[in-house]
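Thanks, everyone. Let me put the structure up, and then we will walk through it together.

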Amino acid sequence: MLIARQEVFGPVAPVIRFKTEEEAIQIANDTNAGLAAYIFTNSMKRSWRVAEALEYGIVGVNEGLVSTEVAPFGGYKQSGLGREGSKYGLDEYLEIKYVCMGNLG
């Protein structure tokens, strides 16, 4: 299904049939995009299992509004490299240096 493979920016809520949790994850991950995904469930075990398996930078569990300035914002695959916001957004502006010294005495 084309809508499951494109990165759609807009108010759209496709309904796609699936038989197993694994099939749903496969459908969700079969794309070159990976900014945000959402799961709605009453099962805490399922929420962790699916959130870990989804190849997305942001996963909303029982929540549609996931953006906040204190959380890292960014995707997987062709939806971006790196993160904006939070302490992780600062990493792109930092230079890390490693200095190893030996035999100083």
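Charges to begin with. The protein carries 10 positive side chains and 13 negative ones. The centres of those two sets sit 8 Å apart. Keep in mind that this is a predicted model.

Now the surface. About 8700 Å² of the protein is exposed. Carbon and sulfur atoms supply 56% of that area. As for the inside, 19% of the 105 residues count as buried.

Next, the fold. How many helices and strands are there in the protein? Two helices and two strands. Starting at the N terminus, the order is α-β-α-β. The radius of gyration is 18 Å, and the globule rule gives 13 Å for 105 residues, so the protein is more spread out than a compact globule. Along the principal axes, the C-alpha atoms fill a box of roughly 70 × 30 × 25 Å.

What about contacts along the chain? Take those between residues at least 6 apart in sequence. Of these, 37% join residues at least 24 apart.

Let's go to single residues. I have three.

Asn29 comes up before the others in my list. Helix H1 covers residues 21–29, and Asn29 belongs to it. Is Asn29 buried or exposed? Its relative accessible area is 13%, and buried means under 20%, so Asn29 counts as buried. Which residues does Asn29 contact, leaving aside its neighbours within four places in sequence? Ala53, Leu54, Glu55, Tyr56 and Lys77. Ala53 deserves a second look. Its backbone oxygen lies 3.0 Å from a polar atom of the Asn29 side chain.

Now Leu65. Leu65 sits in the segment after E2. Its relative accessibility is 74%, and the cut-off for exposed is over 50%, so Leu65 counts as exposed. Where is Tyr38 relative to Leu65? Along the chain, the two are 27 residues apart. In space, 9.9 Å separates their C-alpha atoms.

Last one, Asn103. Asn103 also lies in the segment after strand E2, and that strand spans 58–61. With a relative accessible area of 84%, Asn103 is exposed. How far is Asn103 from Ile39 in space, C-alpha to C-alpha? The answer is 56 Å, with their positions 64 residues apart in sequence.

To recap the three: Asn29 is buried, Leu65 is exposed, and Asn103 is exposed. Back to the picture for anyone who wants to find them.

Note on methods
Residues are numbered from 1 along each chain as its sequence is written. This is a predicted model: local features need pLDDT of at least 70, side-chain atom pairs count only at pLDDT 80 or more; totals for chains, interfaces and linings use all residues. Side-chain values use heavy atoms; hydrogens and water are left out. Helices (H or I, at least four residues) and strands (E, at least two) are DSSP runs, numbered from the N terminus. The radius of gyration is taken over C-alpha atoms; the globule rule is 2.2 Å times the number of residues to the power 0.38. Buried means under 20% relative accessible area, exposed over 50%, partly exposed in between (1.4 Å probe, protein chains only). Contact means heavy atoms within 4.5 Å. Accessible areas come from the Shrake-Rupley method with a 1.4 Å probe; for residues, only the protein chains shown count as cover. Lys and Arg count as positive and Asp and Glu as negative; His and the chain ends are not counted. The place of a charge is taken as NZ of Lys, CZ of Arg, CG of Asp or CD of Glu. A polar contact is a pair of N or O atoms within 3.5 Å; within protein, one must be able to donate a hydrogen and the other to accept it, and residues adjacent in sequence count only if both atoms are side-chain atoms.
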